[in-house]
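Here is a short report on strand pairing, helix packing and surface character. Look at the model first, then read on.

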Amino acid sequence: MIERKISLDGISLIDFLGIQNANIRVITKAFPKTKVISRGSDLILTGSSGEIDFVQSIIQNLLAHVEKYGKLSKKDVESYVVDDKQMALSKVDFPDDVIVHGANGKSIKAKTANQRKLVAAAQKNDIVFAVGPAGTGKTYTAVAIAVQALKERKIKKIIITRPAVEAGENLGFLPGDLKEK
(Lines give C-alpha, C1' and ligand atoms only; values in the text may rest on other atoms or scores of the structure.)
Protein backbone atom coordinates (compact mmCIF):
# COMPACT_ATOMS: atom_id res chain seq x y z
CA MET A 1 0.00 0.00 0.00
CA ILE A 2 1.26 3.42 -1.00
CA GLU A 3 0.14 6.71 0.50
CA ARG A 4 0.21 10.09 -1.26
CA LYS A 5 -0.79 13.51 -0.04
CA ILE A 6 -2.26 16.20 -2.35
CA SER A 7 -2.48 19.75 -1.03
CA LEU A 8 -5.68 21.70 -1.67
CA ASP A 9 -4.33 25.04 -0.42
CA GLY A 10 -5.91 28.06 -2.09
CA ILE A 11 -8.97 26.14 -3.33
CA SER A 12 -12.43 26.33 -1.82
CA LEU A 13 -12.86 22.92 -0.22
CA ILE A 14 -16.65 22.98 -0.50
CA ASP A 15 -16.35 23.66 -4.25
CA PHE A 16 -13.79 20.90 -4.76
CA LEU A 17 -15.00 18.19 -2.37
CA GLY A 18 -18.70 18.85 -2.87
CA ILE A 19 -21.45 18.87 -0.30
CA GLN A 20 -20.80 16.05 2.18
CA ASN A 21 -17.79 15.01 0.03
CA ALA A 22 -20.08 13.98 -2.87
CA ASN A 23 -17.37 14.65 -5.48
CA ILE A 24 -14.82 12.50 -3.66
CA ARG A 25 -17.36 9.70 -3.26
CA VAL A 26 -17.66 9.52 -7.06
CA ILE A 27 -13.92 8.82 -7.26
CA THR A 28 -13.94 6.25 -4.45
CA LYS A 29 -16.90 4.50 -6.08
CA ALA A 30 -15.04 4.32 -9.43
CA PHE A 31 -11.83 3.09 -7.75
CA PRO A 32 -12.84 0.92 -4.79
CA LYS A 33 -9.27 -0.28 -4.13
CA THR A 34 -8.09 3.28 -3.47
CA LYS A 35 -9.03 5.26 -0.37
CA VAL A 36 -9.42 9.02 -0.75
CA ILE A 37 -9.54 10.80 2.61
CA SER A 38 -9.93 14.53 3.19
CA ARG A 39 -7.94 15.86 6.17
CA GLY A 40 -7.92 19.63 6.55
CA SER A 41 -6.63 21.09 3.31
CA ASP A 42 -5.06 17.81 2.17
CA LEU A 43 -6.29 14.77 0.31
CA ILE A 44 -4.68 11.49 1.30
CA LEU A 45 -4.66 8.66 -1.24
CA THR A 46 -3.87 5.09 -0.21
CA GLY A 47 -3.82 2.05 -2.47
CA SER A 48 -1.79 0.27 -5.13
CA SER A 49 0.84 2.20 -7.09
CA GLY A 50 -0.79 2.07 -10.53
CA GLU A 51 -4.26 2.99 -9.35
CA ILE A 52 -2.98 5.80 -7.12
CA ASP A 53 -1.12 7.32 -10.09
CA PHE A 54 -4.33 7.21 -12.10
CA VAL A 55 -6.49 8.69 -9.31
CA GLN A 56 -3.88 11.38 -8.70
CA SER A 57 -3.99 12.40 -12.38
CA ILE A 58 -7.79 12.62 -12.22
CA ILE A 59 -7.56 14.80 -9.11
CA GLN A 60 -4.99 17.05 -10.83
CA ASN A 61 -7.42 17.43 -13.75
CA LEU A 62 -10.20 18.27 -11.31
CA LEU A 63 -8.00 20.88 -9.59
CA ALA A 64 -7.27 22.46 -12.97
CA HIS A 65 -11.01 22.48 -13.68
CA VAL A 66 -11.74 24.29 -10.41
CA GLU A 67 -8.99 26.84 -11.10
CA LYS A 68 -10.39 27.50 -14.57
CA TYR A 69 -14.14 27.51 -13.86
CA GLY A 70 -14.29 28.22 -10.12
CA LYS A 71 -16.62 25.31 -9.38
CA LEU A 72 -16.92 21.57 -9.72
CA SER A 73 -20.15 19.61 -9.89
CA LYS A 74 -20.71 15.91 -9.30
CA LYS A 75 -21.47 15.57 -13.02
CA ASP A 76 -18.09 17.16 -13.89
CA VAL A 77 -16.31 14.65 -11.64
CA GLU A 78 -18.19 11.74 -13.22
CA SER A 79 -17.24 12.89 -16.73
CA TYR A 80 -13.56 13.27 -15.77
CA VAL A 81 -13.52 9.78 -14.24
CA VAL A 82 -15.18 8.18 -17.29
CA ASP A 83 -13.15 10.20 -19.83
CA ASP A 84 -9.84 9.53 -18.09
CA LYS A 85 -10.56 5.79 -17.91
CA GLN A 86 -11.28 5.76 -21.66
CA MET A 87 -8.26 7.95 -22.41
CA ALA A 88 -5.96 5.57 -20.53
CA LEU A 89 -6.64 3.05 -23.29
CA SER A 90 -6.37 5.45 -26.25
CA LYS A 91 -3.39 7.61 -25.13
CA VAL A 92 -0.93 4.92 -26.16
CA ASP A 93 -1.15 5.88 -29.83
CA PHE A 94 -1.54 9.64 -29.39
CA PRO A 95 0.86 11.01 -26.78
CA ASP A 96 -0.28 14.46 -25.59
CA ASP A 97 -3.35 14.18 -27.87
CA VAL A 98 -1.40 15.43 -30.91
CA ILE A 99 -3.12 14.18 -34.06
CA VAL A 100 -0.94 15.83 -36.70
CA HIS A 101 1.50 18.71 -37.12
CA GLY A 102 0.51 21.44 -39.57
CA ALA A 103 2.66 23.03 -42.28
CA ASN A 104 3.94 25.73 -39.91
CA GLY A 105 4.76 23.18 -37.20
CA LYS A 106 1.66 23.93 -35.14
CA SER A 107 0.31 20.80 -33.50
CA ILE A 108 -3.34 19.90 -33.99
CA LYS A 109 -4.72 18.23 -30.90
CA ALA A 110 -7.94 16.68 -29.70
CA LYS A 111 -8.99 19.32 -27.19
CA THR A 112 -12.14 17.89 -25.66
CA ALA A 113 -13.01 14.48 -24.29
CA ASN A 114 -15.44 13.85 -27.15
CA GLN A 115 -12.79 14.76 -29.73
CA ARG A 116 -10.44 12.26 -28.05
CA LYS A 117 -13.23 9.66 -28.26
CA LEU A 118 -13.60 10.43 -31.97
CA VAL A 119 -9.85 9.96 -32.51
CA ALA A 120 -9.89 6.67 -30.57
CA ALA A 121 -12.92 5.43 -32.53
CA ALA A 122 -11.26 6.35 -35.84
CA GLN A 123 -8.20 4.33 -34.84
CA LYS A 124 -10.26 1.22 -34.21
CA ASN A 125 -12.87 1.48 -37.00
CA ASP A 126 -12.92 2.10 -40.75
CA ILE A 127 -16.09 4.22 -40.58
CA VAL A 128 -17.12 6.49 -37.72
CA PHE A 129 -20.35 8.48 -37.50
CA ALA A 130 -20.15 11.56 -35.27
CA VAL A 131 -23.36 13.33 -34.31
CA GLY A 132 -23.58 16.46 -32.24
CA PRO A 133 -24.20 20.19 -32.15
CA ALA A 134 -22.50 22.59 -34.54
CA GLY A 135 -19.14 23.99 -33.52
CA THR A 136 -17.94 21.07 -31.41
CA GLY A 137 -15.05 20.17 -33.73
CA LYS A 138 -16.42 17.05 -35.43
CA THR A 139 -15.33 18.05 -38.95
CA TYR A 140 -12.08 19.68 -37.79
CA THR A 141 -11.04 16.55 -35.91
CA ALA A 142 -12.10 14.26 -38.76
CA VAL A 143 -10.05 16.27 -41.28
CA ALA A 144 -7.03 16.21 -38.95
CA ILE A 145 -7.35 12.41 -38.67
CA ALA A 146 -7.61 12.16 -42.46
CA VAL A 147 -4.53 14.37 -42.97
CA GLN A 148 -2.62 12.22 -40.50
CA ALA A 149 -3.56 9.08 -42.45
CA LEU A 150 -2.56 10.82 -45.70
CA LYS A 151 0.82 11.86 -44.28
CA GLU A 152 1.45 8.33 -43.05
CA ARG A 153 0.49 7.01 -46.52
CA LYS A 154 -2.32 4.87 -45.12
CA ILE A 155 -4.63 6.47 -47.71
CA LYS A 156 -4.06 8.04 -51.14
CA LYS A 157 -6.67 10.82 -51.18
CA ILE A 158 -9.20 12.60 -49.02
CA ILE A 159 -12.73 13.11 -50.33
CA ILE A 160 -14.76 15.71 -48.49
CA THR A 161 -18.52 15.56 -49.08
CA ARG A 162 -21.59 17.19 -47.68
CA PRO A 163 -25.05 15.78 -47.11
CA ALA A 164 -27.53 15.91 -49.98
CA VAL A 165 -30.31 16.95 -47.63
CA GLU A 166 -31.78 20.38 -48.11
CA ALA A 167 -31.19 22.66 -45.16
CA GLY A 168 -33.38 25.52 -46.29
CA GLU A 169 -31.58 26.15 -49.60
CA ASN A 170 -32.34 24.87 -53.09
CA LEU A 171 -29.61 22.46 -54.20
CA GLY A 172 -30.36 22.69 -57.93
CA PHE A 173 -32.63 21.30 -60.60
CA LEU A 174 -33.72 17.72 -60.84
CA PRO A 175 -35.64 16.31 -63.84
CA GLY A 176 -38.92 16.36 -61.91
CA ASP A 177 -38.52 20.10 -61.24
CA LEU A 178 -38.96 21.12 -64.91
CA LYS A 179 -42.68 20.50 -65.29
CA GLU A 180 -44.50 22.87 -67.62
CA LYS A 181 -47.55 24.60 -66.27
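## Ground rules

Two strands count as paired if DSSP finds at least two bridges between them. The model is predicted.

## The β4–β5 hairpin

Strand β4 covers residues 98–101 and strand β5 covers residues 107–109. They run antiparallel and are joined by three bridges. Val98 has its bridge partner in β5: Lys109.

Five residues lie between the strands of this hairpin. Gly105 takes a positive phi there, near 90°.

## The three-stranded sheet

A separate heading suits the open sheet, whose three strands follow the order β1-β3-β2 with antiparallel pairing. β1 (2–7) and β2 (35–39) are at the edges, and each has a single partner strand, so one side of each lacks a neighbour in the sheet. From one strand to the next, the twist averages 20°.

β1 and β3 (residues 42–47) run antiparallel, with six bridges joining them. One pairing can be read directly: Ser7 has Asp42 in β3 as its bridge partner.

Helix α3, residues 49–69, packs on this sheet. The helix touches β1, β2 and β3. Its direction makes about 10° with that of β1.

## A nonpolar surface patch

Which residues make the nonpolar surface patch of about 390 Å²? They are Val143, Leu150, Ile155, Ile158 and Ile160.

Val143 lies in helix α6, which spans residues 138–151. Its relative accessibility is 34%, so Val143 counts as partly exposed. The class runs between the buried limit, under 20%, and the exposed limit, over 50%.

Definitions and conventions: Residues are numbered from 1 along each chain as its sequence is written. This is a predicted model: local features need pLDDT of at least 70, side-chain atom pairs count only at pLDDT 80 or more; totals for chains, interfaces and linings use all residues. Side-chain values use heavy atoms; hydrogens and water are left out. Patches are made of residues with over 30% relative accessible area and no salt bridge: like charges are joined within 9 Å, nonpolar side chains (Val, Leu, Ile, Met, Phe, Trp, Tyr) within 5 Å. Accessible areas come from the Shrake-Rupley method with a 1.4 Å probe; for residues, only the protein chains shown count as cover. A salt bridge is a side-chain nitrogen of Lys or Arg within 4 Å of a carboxyl oxygen of Asp or Glu. Helices (H or I, at least four residues) and strands (E, at least two) are DSSP runs, numbered from the N terminus. Buried means under 20% relative accessible area, exposed over 50%, partly exposed in between (1.4 Å probe, protein chains only). Axes are lines fitted to C-alpha atoms, for helices over the stretch in contact, and angles run from 0 to 180 degrees between N-to-C directions. Contact means heavy atoms within 4.5 Å.
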